[in-house]
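Visitor: Please take a close look at one part of this model, the largest nonpolar core, and describe how it is built.

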Amino acid sequence: MSDVVDVFWSFRSPYSRLITADVLKLQKDYNVEVRVRPVLPLAIRFPESLFNVDDRRAPRYIAMDSQRRGEMLGRPIVWPNPDPVVQDFKTMTVSPEQPYIYRLTKLGVEASRRGKGLDFIHHVAGLIFGGTPEWDQGNKLKEAAATAGVDLEALDQAIESGDHMEEIERNHEALDASGHWGVPTLVFRDEPFFG
């Protein structure tokens, strides 16, 4: 039996997008089972912990550093349009209406259940953070899902009345139990590795 690596991952995190190609290589080069465990971003789970209206250092640094790392790795980061989390950056207020992040996270859970989680997050993150304007419009998401080997309509049907939010909550609890809170976090033999 191979070892298992849990990958706690968010569709809002540029760092999650940057690590995904490396996780694909890890899975290919080593005898490990990679379990993608999608979580909601900190902006949804703990908005007060990272996004303080009086201290803009964290968001500015994340934007600058992720772009710098993306250039270094040959995986450019362009902040998504639309942002997967609806948030007013002037007040740092997260909207109660979230048309993207819950759907994306549930889709990631369902793709993982079908054995295509890593491929799905890889292609969808490339779409979202790769500079594709209006990534949510037309067939863009459908085509990214198809490239990952899954049918977007089938995923959407499965998440309509499924228990995906319960699994996302279990992923949050497991991430917390690992000793970390952020993404991407890989957990191998009960030891967390962030970033």
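Guide: What follows describes that core and then a smaller set of residues apart from it. The model is predicted, so to speak of local features pLDDT of at least 70 is needed, while side-chain atom pairs count only at pLDDT 80 or more and totals for chains, interfaces and linings use all residues. Residues are numbered from 1 along each chain as its sequence is written, and side-chain values use heavy atoms, with hydrogens and water left out.

A nonpolar core here is a set of buried Ala, Val, Leu, Ile, Met, Phe, Trp, Tyr and Cys residues joined through side-chain atoms within 4.5 Å, where buried means under 20% relative accessible area with a 1.4 Å probe, protein chains only. The largest such core holds 41 residues, of which Phe11, Phe120 and Val124 touch the most other members. Among the elements that give two or more residues to it are strand S1 (3–9), helix H1 (14–29), helix H5 (101–113) and helix H6 (117–129), these being DSSP runs numbered from the N terminus (helices H or I, at least four residues; strands E, at least two). H6 gives the most, with eight residues.

Taking contact as heavy atoms within 4.5 Å, and leaving aside neighbours within four places in sequence, phenylalanine 11 is in contact with residues including Pro84, Leu104, Phe120, Val124 and Phe129. Apart from this core lies another, of five residues, among them Phe8, Leu175, Val183 and Val187. Phe8 is also touched by asparagine 171, a residue of helix H9 (residues 164–177) that is buried, with a relative accessible area of 2%.

Methods: Buried means under 20% relative accessible area, exposed over 50%, partly exposed in between (1.4 Å probe, protein chains only).
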